[in-house]
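I opened this file to look up how its chains meet and where a few chosen residues sit. My entries are kept in the order of the lookups.

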Protein chains: 4
Amino acid sequence: MKQSIIHDCDPGNDDALGIFVAAGHPALDLLAVTTGAGHLESNRTARNAAIAVAAAGLSVPVAAGATRPLVRERLVAGILDFELGLDRERPDLSSVALDPRHSADLIAEIALAHPGLVIACSGPMTNLALALRRHPGIGVNIGRIVALGGAWGLGNKTAAAEWNILSDPEAASIVYGAGIPVVTVPIDAAACVGVDDDLVSAVGALEGAACELAVELLSSLRRTHRQGPFTPADAPLNDALALLIAADPSLARTLPARVDVETAGKFTYGRTVIDFAGKAGLPPNCEVVVEIDTTRSRSIFVAAMTALSGRRSLTNALDPRRETI
Amino acid sequence: MKQSIIHDCDPGNDDALGIFVAAGHPALDLLAVTTGAGHLESNRTARNAAIAVAAAGLSVPVAAGATRPLVRERLVAGILDFELGLDRERPDLSSVALDPRHSADLIAEIALAHPGLVIACSGPMTNLALALRRHPGIGVNIGRIVALGGAWGLGNKTAAAEWNILSDPEAASIVYGAGIPVVTVPIDAAACVGVDDDLVSAVGALEGAACELAVELLSSLRRTHRQGPFTPADAPLNDALALLIAADPSLARTLPARVDVETAGKFTYGRTVIDFAGKAGLPPNCEVVVEIDTTRSRSIFVAAMTALSGRRSLTNALDPRRETI
Amino acid sequence: MKQSIIHDCDPGNDDALGIFVAAGHPALDLLAVTTGAGHLESNRTARNAAIAVAAAGLSVPVAAGATRPLVRERLVAGILDFELGLDRERPDLSSVALDPRHSADLIAEIALAHPGLVIACSGPMTNLALALRRHPGIGVNIGRIVALGGAWGLGNKTAAAEWNILSDPEAASIVYGAGIPVVTVPIDAAACVGVDDDLVSAVGALEGAACELAVELLSSLRRTHRQGPFTPADAPLNDALALLIAADPSLARTLPARVDVETAGKFTYGRTVIDFAGKAGLPPNCEVVVEIDTTRSRSIFVAAMTALSGRRSLTNALDPRRETI
Amino acid sequence: MKQSIIHDCDPGNDDALGIFVAAGHPALDLLAVTTGAGHLESNRTARNAAIAVAAAGLSVPVAAGATRPLVRERLVAGILDFELGLDRERPDLSSVALDPRHSADLIAEIALAHPGLVIACSGPMTNLALALRRHPGIGVNIGRIVALGGAWGLGNKTAAAEWNILSDPEAASIVYGAGIPVVTVPIDAAACVGVDDDLVSAVGALEGAACELAVELLSSLRRTHRQGPFTPADAPLNDALALLIAADPSLARTLPARVDVETAGKFTYGRTVIDFAGKAGLPPNCEVVVEIDTTRSRSIFVAAMTALSGRRSLTNALDPRRETI
């Protein structure tokens, strides 16, 4: 039986690859794509998600959501790719029409109808936090949240914090404190699954709208990758891993841990404090991925893309711009 | 023309007096009462609001909302009155049926239909924060938020923080940062309007369900008042002042100020840092009440109660318990 | 019997008036003036103290001390008086030679020899903190610290913090936590003792080096006073009050309180959280001045100046510049 | 030419091994051992240092210093070895007499006389911070501080913080901000140099007081080592590495980095935020060891012990208890 899943994201190039995994993986039944504000504005992330869903040949609801983080100001990335992928506007690509519901409400509605629902989160956790606070009853119906974000070592946006969590630390703090099973995929563990030449070639050999866009996205990740002393040689696949692991938990070795999100520090705002050893005396609230099967992850990613390779892009798109109150 | 107003509150005894002012003051057109979690649970605050609205002989929507603060844990007061007022369950009092909508959504719906809407807030700002984040478009339609809370001097729950703000500092931080005109009524200014013998007698001389309940509420405030070195001799009327000042701004002298809510300190969590003098170089985001006309405030309060004195309690109450997702 | 006292300060114009009180008050036996870095550098504050001591006709040790706050960067004031007083270099005024000892060591040495010693502190608490940490045994010999600083209401440097405490919050935190009796004179209480025309006239009628300099200092305080909505009409005498109250505790009404210094907040760094009501459940560590006898304070100040009025400035000054390792 | 060095420490079992390296390494000229409070009280750490120095057959000054951290309360470890090593009182071992000077003053005195002085620090940085604040002129004479402490990954006392830094974060903040060259040896890098069977056997084959005590200390480290999911199999040698790397920088590969110590967070107090990539836009203040030559480190350690193996313990010990003011 397929696992019902929502993908909450802020595409962005690596998130869009996650949508393709969600659409193409045989173990997943994608029920909706919900979007929030990331380093792109929320109307752009929604439109990008609608483009990716159209390219995947799916017709599932794509909803816009949070227009900004819960408490902090929106964080905007310095590195953009103005030639490839979805960082810039893509009027040349068709897209599905946006669902009129707010992401947080759509998440709640689906959760109520699908006990055991899995939510893969590859962006800031604002929509999840809003859903949990606006619809507190949904917690029991969420089987698992699989979230790409955080770090037990060095951050990738600041020395202490990882981008997704830093983008909305208060929301992350809400989610980690909600009593819902969370599987965290920190960038330390994710770093081993890089976008290498073979991966790009393998996807490049496939046909169809999704695969063509995927090659652009993968290439963009490689172009904008900045290697530092502690960063991997290849751009990490990152966000798509949340979907791969949601589909197949056996890809990852996890350890239970207490994860707390720092919302107060001078130098550590947004850090995930991952306490594997129970040093704070608090019970684990999370399974933290500490090791990923790199080879299988890449091949399953290619398999998911292959599943989408026959499809043509949907062209039923209404204008995807929408107004929310 | 009457001022359209929503009263967002967490009754609690002094909030319920605010509902009576909202119902009885000739300048106010009360459109809804919305409730959240305070030192009482959210189902209790909603039921209490429904009791107060029934006693006032009104039939306006009363909605339940936030079941807990946005980020922090719920704060529970130590001092309760188990004999008078609404701290304890009151099955002996009739109540109106609760509206099925969530407070945050009801606030948004009404705001969209009533440009210039005033929202009086006499509890934690969780519902307002949720409404602003879930429905970001409503900000332009809110004419003014009049909020009882904060302090430029000593706090009343900790030495640094006032109860309403401390109950949800992150929500308050959202509201103060939203660019909406806010009138803040800090407890320093509010302290001068105490519940004295004359006030209780004046209300006690009136008849009807609202006035009888009001006497209980006022008496309860007096019983649970703890005088300290810097607290006033009489229990402050507090929450009801937000409604009195919303109805008649001339009751208060205000100064523009920058208000920031501390969400990080070791000893100052929840403090409102009220910068009248622009010391931080930031523009004012608020009008802060620095002086209140005590005599007129009391007499207008009594006049509002007098306006309710003829009415009989509504008894059309369905069971006010409701489920939200 | 006279009270042995050290004046630890950072003159600065109001501190220098404190030195005159220390020198002229009949109840005080001034044993040393110790100085640290304030809004002037430490070599300037030492030299200014040496000028004030010379003007007072005293020959007590004047020692330089801390060249910067313990942990934070040095805070520099924006408002300086370039014409009157000690904000600018005063080569025209004679001064006593500086003692070669470091302020922190001199404090410790004197404390060991004078059980019950009182230390009046009218600047950042860096020297006191260094003395307590370098010489932990001295605590039992310090009878009382009387410190001008902090606020239970609005700060005077930020909306939350008062200048002296904000200048070195970590040092203040050390002093308040040391178990030594502290009398705090917050600016809220100090505000009532202003430098009015009568005070300036009274001192102006006196003769001698100290009184001439005092008139300059008082005038400078008036020139640099900026009146805000919550500040008093007259420039407060401030620092000198620490000496006046150290000499005569009956000038002030105090309440026991727990004082904690915020060293972590985003908006509240350096705030003194003054808990009169035991809200945090912690025992008092301080007597906090809540009311001062304005009239008597002013007249005792004038009396202290009168005691200095006959004296001529000492001219035995060696070059007051010194090197410390 | 030998490198003049002071070892500032809080022995404790691994610090004492550092004293042996300082004493036995041919490249080092140990000028003094200074001690402060660690998980043992300061009189115990001073006595333990005096025991280690005596066992090494040296007669260098051993001074007691800070009796507690600068600002925070003293942190006490849960894990003690009550049978082996120096966690318990060792009246059976002889010791040298303590120097009457305070560690902070002794450091300053030696620094002034020895430009280019290296200070190895294997405990909390309280003495260094006190020396820098009490004697600000010494900074230019300190060639390098080599400090064992901090982490870019998981902490060993909390999930965020390493023991030595957490023991006095404010002191560490002072040292890292002092503009002095610092070589940091974080526990992430140090973890690879474990106390394995071969190391214990090699030292066990040597004779003399130092080597006998060293075997006890090494065995104690192994007994109290708790292996967690991310901790190495063998107890890390830790503190002694600061001396090994001070003696021979070629043992370690370093990267320049900005190190800031968190003194404000809710979950991250005491964390070293190590910014290798300049993400905060601040210049490096430190060389951070990222890799250590495990094999050479162990063999040089054994060589240093071998150099001490002929010596007999000094027995000129006066009573090492001392009073400081």
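The entries below cover conventions, two interfaces, the chain pairs without contact, and some local sites.

**Conventions**

I note that this is a predicted model, in which local features need pLDDT of at least 70 and side-chain atom pairs count only at pLDDT 80 or more, while totals for chains, interfaces and linings use all residues. Residues are numbered from 1 along each chain as its sequence is written, chains are lettered from A and ligands numbered from 1 in the order in which they are written, and side-chain values use heavy atoms, with hydrogens and water left out.

**Entry 1: chain B against chain A**

I looked up the contact first, taking contact as heavy atoms within 4.5 Å. Chain B puts 20 residues in contact with 20 residues of chain A. The size of an interface is often given as the accessible area lost when the parts come together, so I took that next. Buried area here is the accessible area (1.4 Å probe) that two parts lose on being put together, summed over both. For chain B and chain A the figure is about 2,000 Å², with 63% of it on carbon and sulfur atoms.

I then asked how many salt bridges there are between chain B and chain A. The count is 2, a salt bridge being a side-chain nitrogen of Lys or Arg within 4 Å of a carboxyl oxygen of Asp or Glu. Asp105(B) pairs in this way with Arg134(A), and their closest N and O atoms are 2.4 Å apart. Between these chains I also find 6 residue pairs in polar contact (both at pLDDT 80 or more). A polar contact is a pair of N or O atoms within 3.5 Å; within protein, one must be able to donate a hydrogen and the other to accept it, and residues adjacent in sequence count only if both atoms are side-chain atoms.

On the side of chain B that touches chain A, at least two residues each come from helix H3 (103-113), helix H4 (126-134) and helix H6 (169-176) of chain B. Helices (H or I, at least four residues) and strands (E, at least two) are DSSP runs, numbered from the N terminus. By class, this side of chain B holds 10 nonpolar, 5 polar and 5 charged residues. Ala, Val, Leu, Ile, Met, Phe, Trp, Tyr, Cys and Pro count as nonpolar, Asp, Glu, Lys and Arg as charged, and the others, Gly among them, as polar.

For symmetry, I superposed copies by least squares on the C-alpha atoms of residues with pLDDT of at least 70 in both. A turn of 180° and a shift of 0.0 Å along the axis lay chain B on chain A with an RMSD of 0.0 Å. The two copies are therefore related as by a two-fold rotation axis. Ala264(B) is the residue of chain B that comes closest to this axis, at 2.3 Å (C-alpha). The same surface serves both copies, as 100% of the contact residues of chain B recur in chain A.

**Entry 2: chain D against chain A**

Here 28 residues from chain D meet 28 residues from chain A. About 2,300 Å² is buried, and carbon and sulfur atoms give 71% of it. Phe230(D), Phe267(D) and Lys279(D) supply 24% of the area that chain D buries against chain A, more than any other three residues.

I find 0 salt bridges across this interface, but 11 residue pairs in polar contact (both at pLDDT 80 or more). Strand S7 (252-261) and strand S8 (272-275) of chain D are the elements that give two or more residues to the side touching chain A. That side has 14 nonpolar, 7 polar and 7 charged residues.

Chain D superposes on chain A by a rotation of 180° with 0.0 Å of shift along its axis (RMSD 0.0 Å).

**Entry 3: pairs without contact**

Chain A and chain C do not touch, and their nearest C-alpha atoms are 8 Å apart. Chain B and chain D are likewise not in contact, with closest C-alpha atoms 8 Å apart.

**Entry 4: local sites**

I asked whether His39(B) is buried or exposed. His39(B) counts as buried because its relative accessibility is 18%, where buried means under 20% relative accessible area, exposed over 50%, and partly exposed in between (1.4 Å probe, protein chains only). His39(B) lies in the loop between strand S2 (28-35) and helix H2 (42-55) of chain B.

Ala214(D), in helix H9 (residues 209-224) of chain D, is buried at a relative accessible area of 0%. Not counting residues up to four places away in sequence, Ala214(D) touches Leu17(D), Phe20(D), Val203(D) and Met305(D).
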